[in-house]
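Colleague: I'd like to go through this model with you and ask how you arrive at your terms. Shall we put it on the screen?

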Amino acid sequence: MKKSWAKPQMCQVSAGF
Amino acid sequence: MTPLDAARPLAKADSAPRLPRHVRLHFDQIRGAWALLSPEKVLWPDEVSLSILKLCDGRRSIAEICGELAIQYEADVDEIQTDVLAFAQDWSDRMVLRL
């Protein structure tokens, strides 16, 4: 499957949670 | 400019980013997803972020990383470099990437 470029995203969750 | 700004590393095309010693990529078997673990937070990168992080070995420059990604994604290298520089800066500011 061809990968398509998109703005990179990172979801952050605090370790405590 | 504050002294803090002067000390702030800036993402440039010749920066060679790498993960700091206290941060590591870990495959979470339960979720079937890669997590970026640091002492005080967990980050869940999407597929594109993960592709970038896996190339951040401290040897490749951002320009070289973008060249490889342009081949992988068959996308415009300038568009990729704009996105990668912005996010490398963001991740560096959050101390999960060392420039």
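Colleague: What share of the contacts in chain B with a separation of 6 or more comes from residues 24 or more positions apart?
Modeller: In this predicted model, such residues account for 53% of those contacts in chain B. Along the sequence, chain B runs α-β-β-β-α-α-α, giving 4 helices and 3 strands.

Colleague: Why is the link between D83(B) and K7(A) called a salt bridge?
Modeller: The closest N and O atoms of D83(B) and K7(A) are 2.8 Å apart. The cut-off for a Lys nitrogen and an Asp carboxyl oxygen is 4 Å, so the pair qualifies. Between chain A and chain B the count is 1 salt bridge, and there are 5 residue pairs in polar contact across the interface.

Colleague: How much area do chain A and chain B bury between them?
Modeller: About 1800 Å², with 61% of it on carbon and sulfur atoms. In terms of contacts, 14 residues of chain A meet 27 residues of chain B.

Colleague: What makes W5(A) and L69(B) members of the largest nonpolar core?
Modeller: Members must be buried, nonpolar residues joined through side-chain atoms within 4.5 Å, so W5(A) and L69(B), as members, fit that rule. Both are among the residues that touch the most other members of this 24-residue core. Helices α2, α3 and α4 of chain B each supply at least two of its residues, and α3(B) gives the largest share, 6 residues. Beyond its sequence neighbours within four places, L69(B) is in contact with residues including W5(A), I52(B), I80(B) and V84(B).

Key:
Residues are numbered from 1 along each chain as its sequence is written. Chains are lettered from A and ligands numbered from 1 in the order in which they are written. This is a predicted model: local features need pLDDT of at least 70, side-chain atom pairs count only at pLDDT 80 or more; totals for chains, interfaces and linings use all residues. Side-chain values use heavy atoms; hydrogens and water are left out. Buried means under 20% relative accessible area, exposed over 50%, partly exposed in between (1.4 Å probe, protein chains only). Contact means heavy atoms within 4.5 Å. Buried area is the accessible area (1.4 Å probe) that two parts lose on being put together, summed over both. A salt bridge is a side-chain nitrogen of Lys or Arg within 4 Å of a carboxyl oxygen of Asp or Glu. A polar contact is a pair of N or O atoms within 3.5 Å; within protein, one must be able to donate a hydrogen and the other to accept it, and residues adjacent in sequence count only if both atoms are side-chain atoms.
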